[in-house]
Amino acid sequence: MSHTRLYLQAPRALAVRIYDLLEQAFEEDGLALSICVADEADDVHEVSVYALDQASDVKARISAVLKAIPQAPEIAEEVLPEIDWVAHSLQGLHAVRAGRFLVHGAHERHRRRPGEIAIEIDAGMAFGTGHHGTTSGCLEMIERVVGRENPRNALDLGTGSAVLAVALAKLRPMAVLATDIDATATGVAQQNVRLNAVFNRVRVATAPGFHHPEIARRRPFDLIVANILARPLMRLAPAMARHLKHDGSLILSGILERQRRAVIAAYSGQGFRHVTTLSREGWVTIHMKR
Ligand SMILES: C[S@@+](CC[C@H](N)C(=O)[O-])C[C@H]1O[C@@H](n2cnc3c(N)ncnc32)[C@H](O)[C@@H]1O
């Protein structure tokens, strides 16, 4: 199945406004959206919407949303190649160590050392090979928090490849719900759950934010881990508070160093207190408690 990336470029403030409008417009569809810096010096930010096979419909809907914006940027599109680029590039990547975890592809099973917890990841088209500072920061934080608190019931929101859900289930016998807004990611997540033989502990579901009956059924959680971006995390703060047990732990990542204070402030307003922050490659992973 081919994917099309529909994207547009704009200065930061406008790009964020467009991202917010598109997020509202596509909330029910489960389409993946992203916003990233294309050129920091020239203040160029890029907003992307990933369409599966209905790219022209999605493009028409983006155009309709952009009508609300004077001098809206043009929508460009690129058909993403059928090649499984993440898995392809994994062949050239080394296994990654984060705390006691070793995250590796099938070709590096032999690198596991005694005492390490191996997580085999076939990343497919989902994010999360352990090579990104947000993932490795989350893995280290998970090891610390789970070691101290022994949670029984965890949610990995924005699971991508399921790397963090697998890590949780391998650390302790706990029930883990792994969710992602993107159905391609949850397909990959499900494969990795099987590959790591943790299917009796980890359930995977496609869900935007907290909108899924299984989340409602399992709440409140002892631990929630969410490696998404700062803005959606700030928006989710009230819902996080509603879904976490009193004295439960929250691990947040996908946050740039300069966004750290704003995220902590959004969560403090919901009764959370900051416990500790880890910094990895310009990204921070924050542990908070309620
Ligand atoms: C940076 S990746 C993290 C993947 C993995 N958890 C890791 O740590 O490597 C973020 C993931 O969150 C998902 N995501 C973004 N916004 C979401 C939302 N509102 N609800 C659920 N998933 C979301 C994306 O589709 C993506 O797979």
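This passage walks through a sheet and two nonpolar cores in a predicted model.

Let's start with the sheet. Seven strands build it, and they line up in the order β10-β9-β8-β11-β12-β14-β13. The sheet is open, and its pairing is mixed. At the edges sit β10 (202-206) and β13 (273-280), each of which has a pairing partner on one side only. Going from one strand to its neighbour, the turn is 15 degrees on average, with direction ignored.

Now for a look at the β10 edge. Here β10 pairs with strand β9 (residues 175-180) in the parallel sense, and five bridges link the two. Within this pair, Thr179 stands opposite Ala205 in β10. Helix α6 (residues 183-195) packs on the sheet here, touching both β9 and β10. The direction of α6 makes about 165 degrees with that of β10.

These pieces turn up again in the largest nonpolar core, which has 35 residues. β9, α6 and β10 are among the elements that give two or more residues to this core, as are β6 (101-104), β7 (117-120), α4 (133-149) and β11 (221-227). The biggest giver, though, is α5, with eight residues. Inside the core, Ile119, Leu168 and Val202 touch the most other members.

Take Ile119 as an example. Leaving aside residues up to four places away in sequence, Ile119 touches Phe101, Leu102, Val103 and His104, and also Leu139, Val163, Val166, Ala167 and Asn196. There is a second core too, separate from this one, with 27 residues. Its members include Leu157, Leu236, Ile264 and Ile286.

Terms used:
Residues are numbered from 1 along each chain as its sequence is written. This is a predicted model: local features need pLDDT of at least 70, side-chain atom pairs count only at pLDDT 80 or more; totals for chains, interfaces and linings use all residues. Side-chain values use heavy atoms; hydrogens and water are left out. Two strands pair if DSSP finds at least two bridges between them. Helices (H or I, at least four residues) and strands (E, at least two) are DSSP runs, numbered from the N terminus. Axes are lines fitted to C-alpha atoms, for helices over the stretch in contact, and angles run from 0 to 180 degrees between N-to-C directions. Contact means heavy atoms within 4.5 Å. A nonpolar core is a set of buried Ala, Val, Leu, Ile, Met, Phe, Trp, Tyr and Cys residues joined through side-chain atoms within 4.5 Å. Buried means under 20% relative accessible area, exposed over 50%, partly exposed in between (1.4 Å probe, protein chains only).
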